[in-house]
Amino acid sequence: MKTGKVDVLLGLQWGDEGKGKVVDVLTPAYDVIARFQGGPNAGHTLEFESQKYVLRSIPSGIFQGGRTNIIGNGVVLAPDLFMDEVLELQKSGHELENRLCISRKAHLIMPTHRLLDAAQEAAKGAKRVGTTGKGIGPAYTDKVSRNGLRVGDIDNDFSSKYEACKARHEKMLKALGYTDYNLEETERKWMQGIEYMRRFRFIDSEHEMNQLLRSGKSILCEGAQGTMLDVDFGSYPFVTSSNTVCAGACTGLGIAPNKIGNVYGIMKAYCTRVGAGPFPTELFDATGDALRNIGHEYGAVTGRERRCGWIDLVALRYAIMLNGVTQLIMMKSDVLDTFSVIKACVAYRYKGETIDHFPYNVERDIEPVYRELPGWQTDMTQITREEAFPKAFKDYVSFLEEQLETPIAIISVGPDRAQTIVRNSNNLVK
């Protein structure tokens, strides 16, 4: 019997690594692209043919014709934002209705989830996490506490279930002293989104995925955010509310672990983070400002400034271990083109010791230990083949591969789809 394959693509840092572009580049090698976790707080940016697109909930394989795209059960979906996203894509000539499926077990983000998000953040004061305010955390909280509203409920006594959830949320808002709000306009558009969603095929994604595998189809699973934001293994409590690691593809789509083949881990050539939380290599000087400005490090969805710093190999080794990464993909290499010296964190000084592992508590007392390497000071944005890389950049790549004990299979030298150089192509997609 012919059996298909499943590969996983995910971020290794604190999100914003460039997953959308890479999914788009890899999509021609797959029949199906499936998103397995996260919500509309994640913005996957793609650029090609002089156009820029930002995807929030829709899988990044939607631009390659003939591919099936699936929103899995591990995703939380906001119907109004989903509708806006689809309509915007259709305006640019990309029809989705026949190519996009939604899991019945995916949970819905209600308007009151956004209010709860704001109320809970306000109540934390100085200890706030720095959420995007999209209602992601409260939606996942309802899921775990067995109070959630799911896509499948749209066709199953929906009105009464919605009103029960809404009443419960309003009691919570009152207890938090958060009563100055008007739901009417938001709720009206949200209900329009619910009706719009009916245009798409609702599926039992676990059965669909395994049937696709039995029929010999190849599947690429797309993660959102990054490993260091995983609710279990990230820099808790400054994390997202889902499992962003490779195991999340199993629970977020209904795939058995033994079906997974390649695990593509995406990283930037430096490091960024949005919102609060520890960031050992963060730079507060002109170098950090330069990384932000050259790299256009502003959130694709929120517009917030990203915190910037040198690459953290301690955190990357940790992420590679957790995910079983088989191939690395390095993004935004060109952002470092003008620097005369490049730094890489190879260890931490922690409580008087030098350690090479990611500790339980990274909120304080962490000092990065850097290795300095010469910069290449060459414009790489026009380079189209590996042989043309400057020697200093080749040395940087070799240094990273040695430190991380994992091959770098793809290198990006700019935001456009065409600015992507595939190395070791024989081993990349099988």
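Threonine 112 sits in helix α3 (residues 111-124). In this predicted model, the residue is buried, with a relative accessible area of 0%. Setting aside neighbours within four places in sequence, threonine 112 is in contact with Lys166, His169 and Leu183. Its position falls inside domain 2 (107-198), one of the domains in an assignment that also gives domain 1 (5-102 + 203-263) and domain 3 (266-422). The C-alpha centres of domain 2 and domain 3 are 36 Å apart.

Helix α1 comes next. Of the 8 residues of this helix (residues 19-26), 7 are buried, so α1 is largely enclosed by the rest of the structure. The buried set is made up of Lys19, Gly20, Lys21, Val22, Val23, Asp24 and Leu26, and both lysines and an aspartate are thus on the list.

Now for the nonpolar cores. In soluble globular proteins, nonpolar side chains tend to be buried together. Here the largest nonpolar core has 59 residues, and Leu336 and Tyr396 are the ones that touch the most other members. Helix α11 (residues 391-404) supplies the largest share of this core, with 7 residues. The core also crosses a domain line: at least three of its residues come from each of domain 1 (5-102 + 203-263) and domain 3 (266-422). As for tyrosine 396 itself, and leaving out neighbours within four places in sequence, its contacts are Ala269, Ile311, Met330, Leu336, Ile342, Leu373 and Trp376. Leu336, then, is both a contact of tyrosine 396 and its partner at the head of the core's contact count. A second, separate core holds 29 residues, including Ile62, Cys165, Trp190 and Phe200.

The pairing of domain 1 and domain 3 turns up again in a pocket. The second largest pocket takes in about 280 Å³ of space. It is lined by 15 residues, of which Gly234, Ser235, Tyr236, Tyr360 and Asn361 are the closest to its centre. By type, the lining splits into 10 nonpolar, 3 polar and 2 charged residues. Domain 1 (5-102 + 203-263) and domain 3 (266-422) each give at least three residues to this lining.

One of those central residues has a backbone quirk too. Most residues other than glycine have a negative phi, and most peptide bonds are trans. Tyrosine 236 and proline 237, however, are joined by a cis peptide bond, with omega at about 5 degrees. Proline 237 belongs to the loop between β10 (218-222) and α8 (247-253).

Two loop residues go against the usual sign of phi. Arginine 146, not a glycine, has a positive phi of about 65 degrees, and it lies in the loop between α4 (136-144) and α5 (158-175). The residue is exposed, with a relative accessible area of 74%. Lysine 351 likewise has a positive phi, near 55 degrees. This lysine is in the loop between β16 (341-350) and β17 (353-355), and at 63% relative accessibility it counts as exposed.

Histidine 296 is another exposed loop residue, with a relative accessible area of 61%. Its loop runs between α9 (286-294) and β13 (307-309). Not counting residues up to four places away in sequence, histidine 296 touches Arg306 and Lys332. Histidine 296 and arginine 306 are 10 residues apart along the chain, and their C-alpha atoms are separated by 9.0 Å.

Methods. Residues are numbered from 1 along each chain as its sequence is written. This is a predicted model: local features need pLDDT of at least 70, side-chain atom pairs count only at pLDDT 80 or more; totals for chains, interfaces and linings use all residues. Side-chain values use heavy atoms; hydrogens and water are left out. On a 1 Å grid over the protein atoms alone, a cavity is a set of points where a 1.4 Å probe fits but cannot get out, and a pocket is an open set with protein on both sides within 12 Å along at least five of seven lines; lining residues have an atom within 4 Å of a point. Grid points are joined across faces, edges and corners, and a volume is the space filled by probe spheres set on the points. Ala, Val, Leu, Ile, Met, Phe, Trp, Tyr, Cys and Pro count as nonpolar, Asp, Glu, Lys and Arg as charged, and the others, Gly among them, as polar. Domain bounds come from an automatic or database domain assignment. Buried means under 20% relative accessible area, exposed over 50%, partly exposed in between (1.4 Å probe, protein chains only). Helices (H or I, at least four residues) and strands (E, at least two) are DSSP runs, numbered from the N terminus. A nonpolar core is a set of buried Ala, Val, Leu, Ile, Met, Phe, Trp, Tyr and Cys residues joined through side-chain atoms within 4.5 Å. Contact means heavy atoms within 4.5 Å.
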